[in-house]
Amino acid sequence: MKYVLHICKNKKCNNGWIDKDLTNAKSAPPDWKYCRECAEKLGIDVDAQTPTSNLTPKELLYLEKKKEQARIMRERDKRKINSTVVNRG
Ligand SMILES: [Zn+2]
């Protein structure tokens, strides 16, 4: 398990801390998690947070759409590869 600098999801809170890297964060510090203080204020179990647990229904819908798009793109690529193989034969 890698560890990475997280920043609080609360934009008004500047807390940062080292936590498990659950999203393979590459550059920007992940900000999907509330810090311990904010989580307590919001009544969230700080350790129970997941990359999607703090999302609003709107954000979740957006994420689902993105996933669906990625899936369609993959299917399209597969079909392209298949048709190339078939055409050659
Ligand atoms: Zn915070």
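A compact globule of 89 residues would come out with a radius of gyration near 12 Å, but the protein has 19 Å. That radius is taken over C-alpha atoms, and the globule rule is 2.2 Å times the number of residues to the power 0.38. Along its principal axes, the C-alpha trace spans about 65 × 30 × 20 Å.

This is a predicted model, where local features need pLDDT of at least 70, side-chain atom pairs count only at pLDDT 80 or more, and totals for chains, interfaces and linings use all residues. Residues are numbered from 1 along each chain as its sequence is written. Mean pLDDT (the predictor's confidence in each residue, from 0 to 100) is 90 for the protein, with 96% of residues at 70 or more. Confidence is highest in helix H1 (residues 36-42), at a mean of 96, and lowest in helix H2 (residues 57-88), at 88.

As for the layout, there are two helices and two strands, and they follow the pattern β-β-α-α along the sequence. Both kinds of element are DSSP runs numbered from the N terminus: helices are H or I with at least four residues, strands are E with at least two. The domain assignment splits the protein into domain 1 (1-54) and domain 2 (55-89); such bounds come from an automatic or database domain assignment. The centres of the two domains, taken over C-alpha atoms, sit 29 Å apart.

Buried residues make up just 7% of the 89 residues. Here a residue is buried if 20 or more other C-beta atoms lie within 10 Å of its own, exposed if 12 or fewer, and partly exposed in between, with C-beta atoms placed from the backbone. Turning to contacts (C-beta atoms, placed from the backbone, within 7 Å), 29% of those with a separation of 6 or more join residues 24 or more positions apart.

Two residues give a closer look. Ile44 lies in the loop between H1 and H2 and is partly exposed, because 17 other C-beta atoms lie within 10 Å. Leaving aside residues up to four places away in sequence, Ile44 touches Tyr34, Ala39 and Gln49. The C-alpha atoms of Ile44 and Asp21 are 19 Å apart, with the two positions 23 residues apart along the chain.

Met1, in the segment before strand S1 (3-7), has 5 C-beta neighbours inside 10 Å and so counts as exposed. Met1 and Asn24 are also 23 residues apart along the chain, and their C-alpha atoms are separated by 10.0 Å.

Note on methods: Contact = placed C-beta atoms within 7 Å.
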